[in-house]
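Subject: Structure for your review

Dear colleague,

Please find below the structure that I am handing over to you. My findings follow directly after it.

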Amino acid sequence: MHKRAKWNSPHNATQQRFFFFELACVAEIEPTTVAAMKTSTKISTVAGALVFSVALGIVAGTPAQEKAFTDKYKAAMEGKDTATLESFLYTQGSDPQALEFYKMMQSGGAGEKISSIELVNLTPEDVKKATTPMDGPTGKVCLNLKPTKKLIIKVEKKDGSGSSSSSSENFVAEKDGKLVIPVPGPCK
């Protein structure tokens, strides 16, 4: 009881007021700080979600864009429209010999009936392959645009001697709102 009496004594009243004043200040400041932190977190979360959705829209074409791309590609391939097939190539900064090879590959299958054509998401292996420098005709080459999808085309041929099937794959990127097939160029 002696300690309790001492605490409540007028002699220690200053100490007691100081203690309760400190508690009151902490109680008043803490909710404001927590509220500010919550507001800051909310703003950061909303901003992050907005940036993510905008980036996703930039990186990946819409389903309508993807369908238009595959439909146009299929029509050009089956219709032997080599000019349209070449218009899918993104050639800025490309290696001239790689460009000729890509043009040859684009027109090489022209006129064949496509059994399936689709744009698929990149696997981790695809991403690694797309970002790794490749041996080109004039040295190491890299894709000049970061691919977002992969175009897979399957062709089946049937004739009197039997049937055969083949498939091809191309990386697809987006440039200025348009889906394109990037042609490798010198690594930067």
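F69, Y73 and F88 form one aromatic cluster. Please note that the model is a predicted one. The notes below begin with this cluster, continue with the core and the strands, and end with a loop residue.

**Aromatic residues**

The structure contains four aromatic pairs. In one of them, the ring centres of F69 and Y73 are 6.3 Å apart and the planes stand at 35°, so this pair counts as tilted. Both residues belong to helix α3, where a spacing of four residues separates F69 and Y73 by about one helical turn. F69 has a relative accessibility of 5% and therefore counts as buried. For Y73 the value is 1%, so Y73 counts as buried. The rings of Y73 and F88 also form a tilted pair, with centres 5.1 Å apart and planes at 50°. This pair links distant parts of the chain, since Y73 is in helix α3 while F88 is in the loop between α4 (82-87) and β1 (89-90), 15 residues apart. F88 is buried, as is Y73. In addition, K72 lies over the face of F88, at 5.8 Å from the ring centre.

**Nonpolar core**

Which residues touch the most other members of the largest nonpolar core? Of the 21 residues in this core, they are F69, Y73, L151, I153, V172 and I181. Two or more residues come from each of α3 (63-78), α5, β2, β5 and β7 (178-182). Helix α3 gives the most, with four residues.

L151 deserves a separate entry. Leaving aside neighbours within four places in sequence, L151 is in contact with F69, T70 and Y73 among others. The list of its contacts also includes I117, E118 and L119, as well as S168, E169, N170, V172 and I181.

**Strand pairing**

Strand β5 (residues 149-159) pairs with two strands described here. Seven bridges join β2 to β5, and these strands run antiparallel. Within this pairing, E118 has I152 of β5 as its bridge partner. Strand β5 is also joined to β6 (residues 162-175) by 11 bridges, again in the antiparallel sense. There the bridge partner of I152 is E169 in β6. A hairpin of two connecting residues leads from β5 to β6.

Another set of strands involves β4. Strands β3 (residues 134-136) and β4 (residues 139-142) run antiparallel and are joined by three bridges. D135 has K140 in β4 as its bridge partner. The connection from β3 to β4 is a hairpin through two residues. β4 further pairs with β8 (residues 185-186) over two bridges, in the antiparallel sense. In that pairing V141 stands opposite P186 of β8.

**Residue E112**

E112 is located in the loop between α5 (96-108) and β2 (114-121). Is this residue buried, exposed or partly exposed? Its relative accessibility is 22%, so E112 counts as partly exposed. Apart from neighbours within four places in sequence, E112 is in contact with M77, E78, V155 and K157. With K157 there is a polar contact between the two side chains, at 2.9 Å. E112 and K80 are 32 residues apart in sequence, and their C-alpha atoms are 8.1 Å apart in space.

Yours sincerely

Terms used: Residues are numbered from 1 along each chain as its sequence is written. This is a predicted model: local features need pLDDT of at least 70, side-chain atom pairs count only at pLDDT 80 or more; totals for chains, interfaces and linings use all residues. Side-chain values use heavy atoms; hydrogens and water are left out. Two strands pair if DSSP finds at least two bridges between them. Buried means under 20% relative accessible area, exposed over 50%, partly exposed in between (1.4 Å probe, protein chains only). Contact means heavy atoms within 4.5 Å. A polar contact is a pair of N or O atoms within 3.5 Å; within protein, one must be able to donate a hydrogen and the other to accept it, and residues adjacent in sequence count only if both atoms are side-chain atoms. A nonpolar core is a set of buried Ala, Val, Leu, Ile, Met, Phe, Trp, Tyr and Cys residues joined through side-chain atoms within 4.5 Å. Rings of Phe, Tyr and Trp (its six-membered ring) pair if their centres lie within 6.5 Å; planes under 30 degrees apart count as stacked, over 60 as edge-to-face and the rest as tilted. A charge sits over a ring if NZ of Lys or CZ of Arg is within 6 Å of the ring centre and within 35 degrees of the ring normal.
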